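Grab your favourite viewer and let's work through a few exercises together. Try each task yourself before you read the solution.

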Amino acid sequence: MNTRRIRVGIVAPSSRLEPAMAARVKALAAESYPSVELVFHPQCFRSAGHFAGTDAERAAAFVEVANDPAFEVVWFGRGGYGSCRIAEAALGKLTETARAKTYLGYSDAGVLLAGLYSKGFPAVVHGPMPADVSRDGGEAAVVRALSYLSTNAADTLEPSVTSAGKVAAFNIMTFSQLIGTPLQPDLTGHVLMLEEVSEYMYRIDRSLFHITSSPGVRRVAGIRLGRCTAIPDNDPDFGQTELEVVRHWCVQSGIPYLGRADIGHDAANKVVPFGGLRSA
């Protein structure tokens, strides 16, 4: 196995991490991938209302780790909500050192992934985060992320990535809110993968209307739908599944629907490197 030493800085741009989560993830890394050194920034465990510290604290931690040449990876610790409050200002403070790093996360961290990708950062990746260790079977998700960071193992990837060309992956609500902002990346020619959790079907429907109506999104090569889980019951019943809804909006917009994607808010969530695979 081709392994390399790698130092990973972990920040929480949205919700806070519990120290017990961090301890479990560090133990997994030490056991399975000792070549990966994990450093949790103290900001991860701070609390300011909903957030892992104030906006200023979260932004400063992200910029500090991203600009520090001692780290090769910035790993976002958890989703939740809050990245949008710091993204534009924080991204404006990144240096050329930050451009050389890998950035890994998903869910609300998609705000920062989108902004980084829009600025031409070459190693922006959708994939599991440390907080996933608390999911049912979540240790497998964390190990998958560590495996990708350590060896770029093919079995960590969403299966269609190897043949899809350019790709990107987002949470539906997060991506919908990015449309029309300075953080929206150019996804021309990309296969766009979308997933969701804990949202009513009518909100998924509304957000897919917004996404597929965007002139920029209509230049994608197609859409793949990941898992939409824990959808609350609607009264009255919405009457359509997430698959029927995404097919509807793909027909309306002229965007090809390309099938399912193996991503979601669960332990099976696979890795999607934005832009697709690159030759070594």
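Here come three exercises on this predicted model, each with a worked solution.

**Exercise 1.** Work out how compact the chain is for its length.

*Solution.* Start with an inventory: the chain holds 9 helices and 10 strands. Next, take the radius of gyration, which is 18 Å. The globule rule gives 19 Å for 280 residues, and the two values are close, so the chain is as compact as a globular protein of that length. For the outline, the C-alpha trace spans about 50 × 45 × 35 Å along its principal axes. As for burial, 56% of the 280 residues count as buried.

**Exercise 2.** Decide whether strand E6 (residues 167-171) is largely enclosed or not, and find its partner.

*Solution.* Go residue by residue, with buried meaning under 20% relative accessible area. In a regular strand, side chains alternate between the two faces of the sheet, so check each face separately. On one side sit Val167, Ala169 and Asn171, on the other Ala168 and Phe170, and all of them are buried. That makes 5 of 5, so E6 is largely enclosed by the rest of the structure. Now the partner: 5 bridges join E6 to strand E7 (residues 191-197), and the two run parallel. Within this pair, Ala168 stands opposite Leu192. Between the strands, the chain passes through helix H7 (residues 172-178), a β-α-β crossover that is right-handed.

**Exercise 3.** Place Trp75: which strand is it in, and is it buried or exposed?

*Solution.* Trp75 belongs to strand E3 (residues 73-76). Its relative accessible area is 0%, so Trp75 is buried.

Key. Residues are numbered from 1 along each chain as its sequence is written. This is a predicted model: local features need pLDDT of at least 70, side-chain atom pairs count only at pLDDT 80 or more; totals for chains, interfaces and linings use all residues. Side-chain values use heavy atoms; hydrogens and water are left out. Helices (H or I, at least four residues) and strands (E, at least two) are DSSP runs, numbered from the N terminus. Buried means under 20% relative accessible area, exposed over 50%, partly exposed in between (1.4 Å probe, protein chains only). Two strands pair if DSSP finds at least two bridges between them. A crossover is right-handed if, with the strands pointing away from the viewer, the path from the first strand over the helix to the second runs clockwise. The radius of gyration is taken over C-alpha atoms; the globule rule is 2.2 Å times the number of residues to the power 0.38.
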